[in-house]
Amino acid sequence: MVQIAVFGYGTVGSGVVEVLEKNKDMITKKAGTEIEVKYVLDLRDFPGDPIQEKVVHDVNVILEDPQISIICETMGGNEPAYTFSKKALLAGKSVCTSNKELVANHGPELLMLARENKCNYLFEASVGGGIPIIRPINYSLTAEKIDAITGILNGTTNYILTKMDREGADFEDVLKEAQDKGYAERNPEADVEGYDACRKIAILSSLMCGKNVKFEDIYTEGITKITAADFAYARQMDKSVKLLAMSKDYGEGYFAAVFPCMISREHPLYNVNDVFNAIFVHSNMLGDSMYYGKGAGKLPTASAVVSDVIDCARHLGRTVMCFWDEEDVKLIHKDDVERRFFVRVDETKTSPEAVEKVFGQTQILRVEGLTDEFGFVTPVMAEKTFEEKADILGGIITRIRMEE
């Protein structure tokens, strides 16, 4: 029997206990041994819940118990999760986490501690919730050179953009509806400003290149400036707008970013809608592969944590290799990356003739009901070049990058 502890009995933590109970027989068979929750660490008590008899308030009770070999860290946030995880690994106890903030901040250090103490630090649930993506990169694609990862990594923003596309609604109205339905937090900043997706692509980028990609260095832009008018133009071009997190190997360096993009109907991520997430991977031998499913939620995320618990139970006393070194990667600046841009222009301040003079010949787009403005798509150019030309043109309402 393997005895484990759960740090934090919130949404994911309670889900971990539920998954272990509901799928007990199958988990025992796949792990090769029975897995039992001995402790749950939480500041609160849970009277009436069967788990109450296992609740402790002092982390040292768990850290000093030699029978505990695996810990599920589902507390969230950087502290005290970082301190508790570090102490657990130093004690030779494996840690399985859903905490993207902690993994993005301290992943290389915690992985090194796990190696030094012959245990594991696993984090399948930190990116994509229940979607398997960490294990495929670490195991299934080890013979591949991965050169690009593009994903829809946040269900809240994808739900909002899907509703805006389908209903022609504005951002603020859909955000309020998402909050009322529980899809968005009361303070939605981490989601709608792209910070959540940024931490996730930082983790995937680090695994892709085997070195450390700091989330602070990733250019991040959210969806708060996307409007119903932008979708009207997108529909006219048979496209949609998605918040994409991306990482690409350009040979001379890596580029990572999070921002809204217009994508065509042919793009693999076009039909990823509502609260679903997807990660699109390109590698040199396999080519394209995609991983799709529910990127959040109690049971999908808990299921991913338990899959890591099973992996740890199979490898007691041995470290599962994960290639993520502490050396920081210097990223290519967004100004040097080339792409096309969709642009909306205030016709009272500039003209189609001026657009042609500055950007060259391009198709002018107009949408019924949108007066005193027009749109156009630029040729492929570096972002720095676009910004310079945009300053010369003037009258720009908005621009959205295009992902081919």
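This report covers aromatic pairs, charges over rings, one helix and salt bridges in a predicted model.

**Aromatic pairs**

The whole structure holds 11 aromatic pairs. One of them joins F341 and F386, and it is stacked. The ring centres lie 4.3 Å apart, with 15° between the planes. This pair links distant parts of the chain. F341 belongs to strand β14 (residues 341-346), while F386 belongs to helix α14 (residues 383-393). The two residues are 45 apart in sequence. F341 has 0% relative accessibility, so it counts as buried. F386 is buried too, because its relative accessible area of 1% falls under the 20% cut-off.

A second pair joins F359 and F376, and it is tilted. Here the centres are 5.3 Å apart and the planes differ by 55°. F359 sits in helix α13 (residues 352-359) and F376 in strand β16 (residues 373-377), so the contact ties together parts 17 residues apart in sequence. Both F359 and F376 are buried.

How do these rings combine? F341, F359, F376 and F386 form one aromatic cluster.

**Charges over rings**

Two arginines place their charged ends over phenylalanine rings. R199 sits over the ring of F215, 4.2 Å from its centre. R401 sits over the ring of F259, 4.3 Å from its centre. R401 returns below, in a salt-bridge network.

**Helix α10**

Helix α10 covers residues 195-209, 15 residues in total. From first C-alpha to last, α10 reaches 21 Å. That is close to the 21 Å expected at 1.5 Å a residue. Is α10 enclosed or open to the outside? It is largely enclosed by the rest of the structure, because 14 of its 15 residues are buried. G210 follows α10, and its phi is positive, near 80°.

**Salt bridges**

Side chains of opposite charge can pair when their charged atoms come close. The count here comes to 31 salt bridges. Three of them are set out below, each with its closest N to O distance.

| Salt bridge | N to O distance |
|---|---|
| K298 and E18 | 3.5 Å |
| D42 and R44 | 2.9 Å |
| E404 and R340 | 2.8 Å |

K298 and E18 meet in a salt bridge. The pair links distant parts of the chain, 280 residues apart. K298 lies in helix α12 (residues 298-314), and E18 lies in helix α1 (residues 11-22). K298 is partly exposed, at 33% relative accessible area.

D42 and R44 form another bridge. D42 is buried, with a relative accessible area of 10%. R44 is partly exposed, at 44%.

E404 bridges to R340. This pair also links distant parts of the chain, with the two positions 64 residues apart in numbering. E404 is in the segment after β18 (396-402). R340 is in the loop between β13 (338-339) and β14. What is the exposure of each partner? E404 is exposed, because its relative accessible area of 61% is over the 50% cut-off. R340 is partly exposed, at 26%.

Salt bridges also join into a network. Its members are E221, K334, D335, E383, R399 and R401. R401 thus appears in the network and also over the ring of F259.

Methods: Residues are numbered from 1 along each chain as its sequence is written. This is a predicted model: local features need pLDDT of at least 70, side-chain atom pairs count only at pLDDT 80 or more; totals for chains, interfaces and linings use all residues. Side-chain values use heavy atoms; hydrogens and water are left out. Rings of Phe, Tyr and Trp (its six-membered ring) pair if their centres lie within 6.5 Å; planes under 30 degrees apart count as stacked, over 60 as edge-to-face and the rest as tilted. Helices (H or I, at least four residues) and strands (E, at least two) are DSSP runs, numbered from the N terminus. Buried means under 20% relative accessible area, exposed over 50%, partly exposed in between (1.4 Å probe, protein chains only). A charge sits over a ring if NZ of Lys or CZ of Arg is within 6 Å of the ring centre and within 35 degrees of the ring normal. The expected span of a helix is 1.5 Å times one less than its number of residues. A salt bridge is a side-chain nitrogen of Lys or Arg within 4 Å of a carboxyl oxygen of Asp or Glu.
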